[in-house]
Amino acid sequence: APSMQLAPHPSIPKPEGPVMVCILDGWGVNVEDKYNAVFSADTPTTDALRAVPRRYRSVKAHGTAVGLPSDADMGNSEVGHNALGSGQVVDQGARLVDMALESGKMFEGAGWKLISGAFADHTVHFIGLLSDGGVHSRFNQLIGCIKGAVERGAKRIRVHILTDGRDVPDGSSAAFVAQLQEDLAGLKGCDAKIASGGGRMNITMDRYEADWSMVKRGWDAHVLGKAPHTFKDALTAVKTLRGDPENPISDQYLPAFVIVDDDGKPVGTIEDGDAVVLFNFRADRMVEMSKAFEYPDFDIFDRVRYPADLKFVGMMQYDGDLLLPKTYLVPPPEIKGVSGEYLVKNGITTFACSETQKFGHVTFFWNGNRSGYFDSSKETYLEIPSDNCPFNEKPDMKAVEIMEAGREALRSGKYQMVRLNFANPDMVGHTGDLNASIRACAVVDECVAELIKVVDEVNGRFLVTSDHGNSDDMVQREKKTLKPLIDKDTGKPMPLTSHTLAPVPVYIGGKGLPANVVLRDDLPDAGLANITATYINLLGLQAPEKYKPSLIVAE
Ligand code: 3PG
Ligand code: CO
């Protein structure tokens with residue numbers, strides 16, 4: 001379409017070499033003390049970049065700046081990559097579900113109609129992440145849906161819970177389970193119980209096909225009522241499975257369990273004619289389970305029993321290209337005119353790469369929740385397979401392999417734009433392991449150094465940034481004094497496994513960047529969405545009108 005033509009930038013010429021955009025996932029700018037792994041790590045490269053006048057700044061990566069309901073919401077990779085790739089701030093899943101519940105629209109759509117077919121004489125099952133993290137799901141939204149179902153005649157409800165400890169403090173799951181049990185017991189005229197569960201990093205919530213066995217363990221527990229552990233109630237399950245309080249199994253990794261009655265029979269297997277709601281709004285970790293529920297001829301693992309006449313919905317549609325699931329409760333955010341589409345329409349060739357854990361982030365989320373290429377003749381997406389282990393055991397992850405692939409792409413002369421995501425500061429940060437996170441930051445800094453050398457070699461330009469904070473704070477803190485909170489059982493500071501509210505850095509440079517191109521100083525409130533116009537300008541092009549303003553000028 002002619003409207004997608006981007007004019008040459010009036011004062012920034014086209015570069016001779018490629019433009020490299022690096023996302024250091026989970027690398028924020030935060031309080032500088034020893035619990036900040038980014039600060040504590042040996043990072044000579046980013047330290048030097050930070051010292052270059054007018055070529056370093058930070059931008060907002062959380063809350064309303066990235067389309068989340070409030071400024072108390074930490075950023076995450078989904079909304080962060082949406083903003084980075086689209087140049088726009090759109091209302092995100094968390095907020096769209098809030099609005100659908102408030103307005104009652106939730107209860108009028110096709111998804112609700114489908115599940116209501118099970119209200120009178122079947123069971124409605126809710127499966128999802130049980131916390132108020134607001135990254136994949138939110139506790140009050142689950143309760144809102146359950147109450148809405150009961151008010152509209154649902155007679156039997158079963159909840160299948162995934163314990164969190166990743167977007168919220170580890171150990172907090174027991175309190176969410178206790179609250180859920182209380183809320184379910186208080187429902188009038190409905191038999192409502194927790195039926196099965198397990199840790200989010202152990203069952204059900206795999207992403208990008210890193211480990212399908214997680215999904216199988218989830219299927220066995222939720223659908224078949226089979227798991228290594230059975231309990232009479234979920235609170236006992238969670239407390240018992242954590243084990244030794246001085247050295248607990250984290251909420252993220254709790255083994256699967258099934259709740260049974262006095263005769264040892266599971267209280268909530270999924271049967272013919274039942275309704276199933278995946279109540280997470282975020283896509284990445286729901287796609288695999290959606291396939292298992294939705295595709296009659298699914299064969300990645302043996303489902304043993306596939307319930308007939310299932311009324312299956314997602315909180316949202318998780319993949320708009322696969323139309324998966326077909327039926328959902330709330331339409332997902334619409335993101336139009338993302339940078340990937342503009343670039344191919346303007347003849348720009350792109351190489352994008354990350355390892356499995358972040359591959360969909362730098363492709364699917366980056367492209368406004370679209371799978372596949374805009375134009376495969378102009379784009380190459382490379383996935384480096386991730387290890388399957390707790391990442392504090394291997395904090396280097398695949399950083400070096402990603403760096404090498406990026407280096408080759410930069411040197412190949414085939415690509416005008418090279419974008420890379422380094423998962424380490426995020427994935428290792430989520431384990432709460434400070435020393436491993438320090439290593440994660442150091443290895444990423446080394447990779448940036450290698451890449452910048454090559455950018456200079458080919459007269460290119462670079463923009464190094466992040467999608468949200470994580471490794472920049474590894475302990476829970478007292479709100480006022482910022483002193484670490486101390487665990488009563490261990491006497492040690494309580495680890496912070498979640499993302500942070502911190503802003504993220506933006507470093508620009510490269511031998512091919514004219515000396516007069518600098519960061520503007522009149523956009524103090526800029527956020528991640530301002531970065532899109534910035535790298536389009538680095539390509540020597542003007543950004544689309546509707547994008548947030550570019551961070552750079554030629555003076
Ligand atoms: C996860 O899914 O791993 C966390 O909940 C969020 O992390 P991400 O937003 O960095 O993927
Ligand atoms: Co993360």
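**A colleague's note on the ligand shell, domains and helix packing**

1. Let's begin with the ligand. Ligand 1 is surrounded by Asn76, Ser77, Glu78, Val135, His136, Arg166, Asp167, Arg285, Asp426 and His430. Please keep in mind while reading that this is a predicted model. By class, the shell around ligand 1 holds five charged residues, four polar ones and one nonpolar one. Both domains take part: domain 1 (22–92 + 334–554) and domain 2 (94–330) each supply at least three residues of the shell.

2. Now the domains themselves. The chain is split into domain 1, which is made of two segments, 22–92 and 334–554, and domain 2, which covers 94–330. Taken over C-alpha atoms, their centres lie 31 Å apart. Where the two meet, 27 residues of domain 1 are in contact with 26 residues of domain 2. On the domain 1 side, helix 12 (residues 356–365) gives the most, with four residues. That side of domain 1 is made up of 17 polar, five charged and five nonpolar residues.

3. Helix 12 is worth following a little further, as it also packs against helix 3 (residues 77–86). The axes of helix 3 and helix 12 come within 8 Å and cross at roughly 35°, and the crossing is right-handed. Helix 3 brings Ser77, Glu78, His81 and Asn82 to this contact, while helix 12 brings Lys358, His361, Val362 and Phe365. Sorted by class, these residues comprise four polar, two charged and two nonpolar. You may recognise Ser77 and Glu78, which are listed among the residues around ligand 1 and also among those of helix 3 that touch helix 12.

4. Next, a helix pair with numbering inside domain 2. Helix 7 (residues 173–185) packs against helix 9 (residues 234–242) with the axes 9 Å apart and an angle of about 170° between them. Helix 7 is therefore roughly antiparallel to helix 9. From helix 7, the contact uses Ser173, Ala174, Val177, Ala178 and Gln181; from helix 9, it uses Ala234, Leu235, Val238 and Lys239. Six of the residues in this contact are nonpolar, two are polar and one is charged.

5. Another pair to look at is helix 8 (residues 212–224) with helix 10 (residues 287–294), whose axes come within 10 Å and cross at roughly 55°. This angle is why the two helices, 8 and 10, count as oblique to each other. Their crossing is right-handed. Trp212, Val215, Gly218 and Trp219 of helix 8 meet Glu288, Met289 and Ala292 of helix 10. In class terms the contact has five nonpolar residues, one polar and one charged.

6. Finally, two backbone details to check in your viewer. Most residues other than glycine have a negative phi, and most peptide bonds are trans. Leucine 324 and proline 325 are joined by a cis peptide bond, with omega about -15°. Proline 325 sits in the loop between strand 9 (311–316) and strand 10 (328–330). Arginine 54, a residue other than glycine, has a positive phi near 65°. The loop that holds arginine 54 runs between helix 2 (44–50) and strand 2 (56–59).

Notes:
Residues numbered from 1 in each chain as written. Chains lettered and ligands numbered in written order. Predicted model: local features only at pLDDT ≥ 70, side-chain atom pairs only at ≥ 80, totals over all residues. Near = placed C-beta within 6 Å. Nonpolar A, V, L, I, M, F, W, Y, C, P; charged D, E, K, R; others polar. Domains from an automatic or database assignment. Axes fitted to C-alpha atoms, helices over the stretch in contact; angles between N-to-C directions. Parallel < 35°, antiparallel > 145°, perpendicular 65-115°, else oblique. Left-handed = near helix turned anticlockwise from the far one by under 90°. Contact = placed C-beta atoms within 7 Å.
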